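Got the viewer open? Let's walk through this one together, one selection at a time.

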Amino acid sequence: MSRPLPDPAALPPLGSVARSAMLLRAFPLEQTDPAAFYSLLAADSVRQVAHYQPLAGLTLLDVGGGPGYFADAFRAAGARYVGLDADVGELSLHGRSVARDTVLGSGLQLPFRDGALDVCYSSNVLEHVPQPERMADEMVRVTAKGGLVFLSYNNWLAPNGGHETAPWHYLGGRYAADRYASRQGKRPKNEYGTSLFRTSVAQMLRWTRDRQRAGVVQVVDVRPRYHPDWARWVVAVPGLREVVTWNLALVLRVPL
Ligand SMILES: C[S@@+](CC[C@H](N)C(=O)[O-])C[C@H]1O[C@@H](n2cnc3c(N)ncnc32)[C@H](O)[C@@H]1O
């Protein structure tokens, strides 16, 4: 169901402890009141992107955008929003109708020409594709010179990395999925090896360094998406970062 978007100006400041606490309190709502949860997450996320790149008048592609909460929030910020998703069922989740300006397709092979978009955004999709580097390369390819790529994902060893099978994914993805199936009487929606993969923090930092060295991207920011500013350092610590980053945000610019 649609509901009014939270006013981004009324949210606690980006990078503040209060903002992280607000998000932490909101996460349980994902199950009980998804519209409230996703409206809040979308308003917060759009504000985070706009911190790096004012969005008014820019064409933005949201890879794996889902049922349109992000569409509403990006449009409210003045962007020309184009959504793409691989699953038509996801586009109409929570009783929402398929959003306008939405393309059915895969992040692994984006149906756009090189440099077609001003901003390429993706939230919590990379862990659902078997070749995350390929999706990241596709996002860079379709972004115009001078444009922004904002790519964030839930890494595998995060406490919620196993999605509905967490925390049992720490004992192995296959085990966690089978355990879920035996308890719930159905396979998990996010099935390890099929629709959920072991994407690490180190893996995408390596990709970022490689592409930066090749001059394909400039790194604007690399940070834990939901953490306060004081906790940014966790991304720099091998091992620890896999458990405490939760969600890695890569903010990149395509050089002019
Ligand atoms: C966890 S949801 C994230 C939705 C939204 N971006 C968000 O942050 O709430 C993952 C989305 O990725 C989509 N997805 C999975 N594989 C994809 C692919 N190869 N290409 C594009 N979208 C994909 C799913 O259909 C789903 O809508």
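What radius of gyration would a compact globule of 256 residues have, and what does the protein have? Keep in mind that you're looking at a predicted model. For a compact globule the value would be near 18 Å; the protein has 17 Å, which agrees. Along the principal axes, the C-alpha atoms fill a box of roughly 50 × 40 × 40 Å. Of the 256 residues, 39% count as buried.

**Stop one: the domains**

Select 8-154 together with 198-253 and give them a colour: that's domain 1. Now pick 157-196 in another colour, and you have domain 2. The C-alpha centres of the two domains lie 23 Å apart. Zoom in on where they meet: 9 residues of domain 1 are in contact with 7 residues of domain 2. On the domain 1 side, that touching set is made up of 4 polar, 3 charged and 2 nonpolar residues.

**Stop two: the sheet**

Switch to a cartoon view, where the protein has 9 helices and 7 strands. Look for the open sheet of 7 strands and trace its order, S3-S2-S1-S4-S5-S7-S6, with mixed pairing. Which strands stand at the edges? Select 102-104 for S3 and 218-224 for S6: each has a single partner strand, so one side of each is left without a neighbour in the sheet. Neighbouring strands are turned by 15° against each other on average, ignoring direction.

Stay at the S6 edge and add residues 247-253, which are strand S7. S6 and S7 pair in the antiparallel sense, over 6 bridges. Show Val222 as sticks and look across: Leu250 in S7 stands opposite.

**Stop three: helices on the sheet**

Next, select residues 69-76, helix H4, which packs on the sheet. Helix H4 touches three strands there: S1 (59-63), S2 (80-85) and S4 (117-123). Line up your view with S2, and the direction of H4 makes about 165° with that of the strand.

Then go to residues 132-141, helix H6, another one packing on the sheet. Which strands does H6 touch? Highlight S1, S4 and S5 (143-154) to see them. The direction of H6 makes about 150° with that of S5.

**Last stop: the contacts**

Zoom back out and turn on a contact display if your viewer has one. Taking contacts with a separation of 6 or more, 60% are between residues 24 or more positions apart.

Conventions:
Residues are numbered from 1 along each chain as its sequence is written. This is a predicted model: local features need pLDDT of at least 70, side-chain atom pairs count only at pLDDT 80 or more; totals for chains, interfaces and linings use all residues. Domain bounds come from an automatic or database domain assignment. Two residues are in contact if their C-beta atoms, placed from the backbone, lie within 7 Å. Ala, Val, Leu, Ile, Met, Phe, Trp, Tyr, Cys and Pro count as nonpolar, Asp, Glu, Lys and Arg as charged, and the others, Gly among them, as polar. Two strands pair if DSSP finds at least two bridges between them. Helices (H or I, at least four residues) and strands (E, at least two) are DSSP runs, numbered from the N terminus. Axes are lines fitted to C-alpha atoms, for helices over the stretch in contact, and angles run from 0 to 180 degrees between N-to-C directions. The radius of gyration is taken over C-alpha atoms; the globule rule is 2.2 Å times the number of residues to the power 0.38. A residue is buried if 20 or more other C-beta atoms lie within 10 Å of its own, exposed if 12 or fewer, and partly exposed in between; C-beta atoms are placed from the backbone.
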